[in-house]
Each structure stands twice: as C-alpha cells, then as structure tokens.
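Dear colleague,

Please find below the structure that I am handing over to you, together with its sequence. My findings follow underneath.

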Amino acid sequence: MQWFATFLIILFAAFNSGCATSTIPAPVREALPIATPVQSAPAPPTAPSLETKTPVAQAFPLTMALPPEAFTAPQKKGQKPHIALLLPLKSASFGPAAEAVRQGAVAASIMQIPAVLPLQVYPTGDQVEDIVSVYQQALQAGAKIVIGPLTRNAVTTLAKSGLVEVPTLALNYPEGEEFLPENLYLFGLTAEGEARQAARRAFNDGWRTALTVTANTPLAKRVQLAFSDAWRGLGGKLVAQASFSPEQTQFPALRDTVFKHRSDILFLAADAERARMVRPYLDPNTPTYATSMVFGGNQEIGRNVDLNGVLFADMPWLLVPDHPAVMIFPRAEKFSIEQERLYALGIDAFRIAIVMAQNPRPAEGPVMDGVTGQISLANHQFQREMAVAQFREGTAVATEFADPRNLGEPR
C-alpha cells in the first residue's frame, strides 16, 4: 500500500500546482431561496470501506494534512483549528434542508485522506441575530474555514456585518447588488444559474431564435427572465413569450401561440408536474430546453414519457451515479430528490472548504470535478456547470458532461 499512498500524494500535488491570486470582491447578481422545506432526513450515512470502492478519478482533489505553520494566525488557549459548519438545524422551516446538507458534509469529511481539518457542526435557528452570534462563537473556538449560513437573509446579514475574518463559504446568495467581503465566497443551488447555462447550451448548439413557455409561478418566472436575459446577451432573438396555468382550457391557445411564432427552440420554465401537463401541447419537432426543475427522478418513468425529447441539465450526483468522482461518496437512504440535491451540495461544500483551507485565496478558474457539477471560481462565486441529459422513453439519460472550457463564464 505504500506505493499507492505515494501515488495519491503525487496526484494531489499535480492537481493543486496552480498559483493563487488575489480576488477582488465583486457585486452579486443573483439571489434565490435555497429550497422549500423538505421532509426530515434519516440518520447520517455510514462511510463505505475505501478498499471496496472504484479508484478515484484524477480530477478528484485528494487532500493532505497541513503543517502547523500553514495557519498563520496564532492560536489562543483552548482553540482548535477546524472547519465550522453553520446550519439552521434548529429551524422548523429550514431544519430538514439543513440536515440533508449536514449529512452530505459529514459524508465528505469522513472521506478525507488523511484529515486536513476536522469538521465541527454549529446548529443555529433561523434568526439572523442567532446566526451571527454562532458565527462569532465558531471563530472564537478556532474555526479556520466556515461553511454557511444557508438562508438568503442570513448571508445578506453576514455580508454586511464586518465579521468575516476567515474564508467563509456561504451556501446562498445575498440580496441585491451586495459587495462581498474579501473572505466571503458563495456556493449554492440556483435555478437562475441553470437557466443561463441552458441559454449558453442552446446558443452553442447553433440556435438563434427562441420562444419561452412559462408556468405561472414565481420561480418559473424568475427562471424565464434569467434565460431571456442570457439569451439576448448572447445575441439570440426571443420571438415570443407564452405563459400558462394548470387549467387545461388555456392549453389550446398556448399551442396556437407556439405554432404561430416559429422559433429554433423552446425554453420550458416549469416544474416537473406542470411540464408534463403542457408538453403535449408543444411542437415535438422543435428542440425544447429546460432546467432541472423538470426532473423529478427516474423512478417516474411512466409519468416522464410526456417529456420525451426535453433537454435539461442536472448534477452528476443524480444523472451519472456511476461516474468515478461521484460513486466514491456514500449514498443517503430514503431521500427525496430535493434532499439528494442538498446532500450533494453538502459534499461539495466541504470539498471546497478543504481547497480553501489549503489556499485561503484560491485562484480563479476550474476547481474540481464535483458531484454537483464541474466547479470553477469566478468573482468570489463557485459556479457549477452540470451534466446535460435528455428524456428518452421516460428516462433521463445523460448525454454529455460540461465542457471545462466554459467553466469560467460569468453567471
């Protein structure tokens, strides 16, 4: 096994050989609530035996223990260097979502080879005062990296607090054009970001005119707006915008609109249930793009038949579970697809924290082959470029991974 350990160390050194550069704080252009409350999550998963897993892909960043001199700040008596995970586990509204993130981060921390920094969980409520207080407690206890907060208002408050003294990876986006403190970085799940990726994908596929079909919900409207802005910004033309509500009496009129305004592609902004309802009224011969909102899981094959042909992007954790960079992590049992996404977010958040522990000023550009997508850093935001899939006979089939050359594009 000595030769294997030596191989891992060499592989790690090669992956992290890039020089760090300072990052100038930039305005944030996107904010989205992390998730709607989900059902309670089960107990933390048990890590699998490393000897029984498939060898790690080269893109997966292995970790090495840091020498004491790597931590330049002197330690006060009683302090222990660690990664702090701040989550609203005490919140009735966000507690279940926070628990899924916690389990993912714990699963990733178990897989450290060897340990860089231990993970310590700090439960909070959903009051911003409580979250800021716990953040200060984590710093006083010796936290060298902080993961969290999780909610949008908490991230906004922390960004304005003047308390961000160590590299902090927020799991949401502050409100408005907030300028970020030097040590604050952002990483989250955003439907708007997926819509912009869909626009880039369709434009790169050679299409130039689009028609949007939007469900009458607040989230769908935000997704449609993000796609439209990105599409026009790329030089595409939006020929028409159609919207619908669940009442089927509207669908014939929507169908007439779609066939009247011919376009290269359709962009469907709707969740899985509404997308299934409206899809039969759309032109099946026009390429249709969407976000992960349309994907409710491959266990719904019979219901997903109506979505055949729709192209969308989602995280490799769900679409490519046998990919080497994905399958090394344990699966949580009895999770809904929403919880699975949050669990995967926790995995990659911890892995990013390890990168930040090794380099508090990470360089912009590609970072890692994550379970949530190809991850890169730009303007203090860790971006995800996801796997592309298409519904075929009711099953979502991954067609390709993201092109790493696109990772640095602005969100």
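At roughly what angle do the axes of helix α5 and helix α6 cross, and within what distance do they come? In this predicted model, the axes of α5 (residues 191-204) and α6 (residues 218-234) cross at roughly 35 degrees and come within 8 Å. The crossing is right-handed.

On the α5 side, the contact is made by A191, E192, A195, R196, A198, A199, R200, A202 and F203. Helix α6 contributes L219, R222, V223, A226, F227, A230, W231 and L234. By residue class, the contact of α5 with α6 comprises 13 nonpolar and four charged residues, with no polar ones.

Aromatic residues of this contact also appear in a cluster: F203, F227 and W231 form one aromatic cluster together with F267. For the model, the count of aromatic pairs comes to 11. The face of F203 is in addition covered by R208, which lies 3.6 Å from the ring centre. Elsewhere, the charged end of R331 sits over the ring of W317, at 3.6 Å from its centre.

A further residue to be reported is K237, which is found in strand β7 (residues 237-244). Is K237 buried or exposed? K237 is exposed, because its relative accessible area is 54%, and the cut-off for exposed is over 50%. Leaving aside residues up to four places away in sequence, K237 touches R208, T209, A210 and W231. K237 and D264 are 27 residues apart in sequence, and their C-alpha atoms are 9.8 Å apart in space.

With kind regards

Note on methods:
Residues are numbered from 1 along each chain as its sequence is written. This is a predicted model: local features need pLDDT of at least 70, side-chain atom pairs count only at pLDDT 80 or more; totals for chains, interfaces and linings use all residues. Side-chain values use heavy atoms; hydrogens and water are left out. Axes are lines fitted to C-alpha atoms, for helices over the stretch in contact, and angles run from 0 to 180 degrees between N-to-C directions. Helices (H or I, at least four residues) and strands (E, at least two) are DSSP runs, numbered from the N terminus. A crossing is left-handed if the near helix is turned anticlockwise from the far one by less than a right angle, and right-handed if clockwise. Contact means heavy atoms within 4.5 Å. Ala, Val, Leu, Ile, Met, Phe, Trp, Tyr, Cys and Pro count as nonpolar, Asp, Glu, Lys and Arg as charged, and the others, Gly among them, as polar. Buried means under 20% relative accessible area, exposed over 50%, partly exposed in between (1.4 Å probe, protein chains only). Rings of Phe, Tyr and Trp (its six-membered ring) pair if their centres lie within 6.5 Å; planes under 30 degrees apart count as stacked, over 60 as edge-to-face and the rest as tilted. A charge sits over a ring if NZ of Lys or CZ of Arg is within 6 Å of the ring centre and within 35 degrees of the ring normal.
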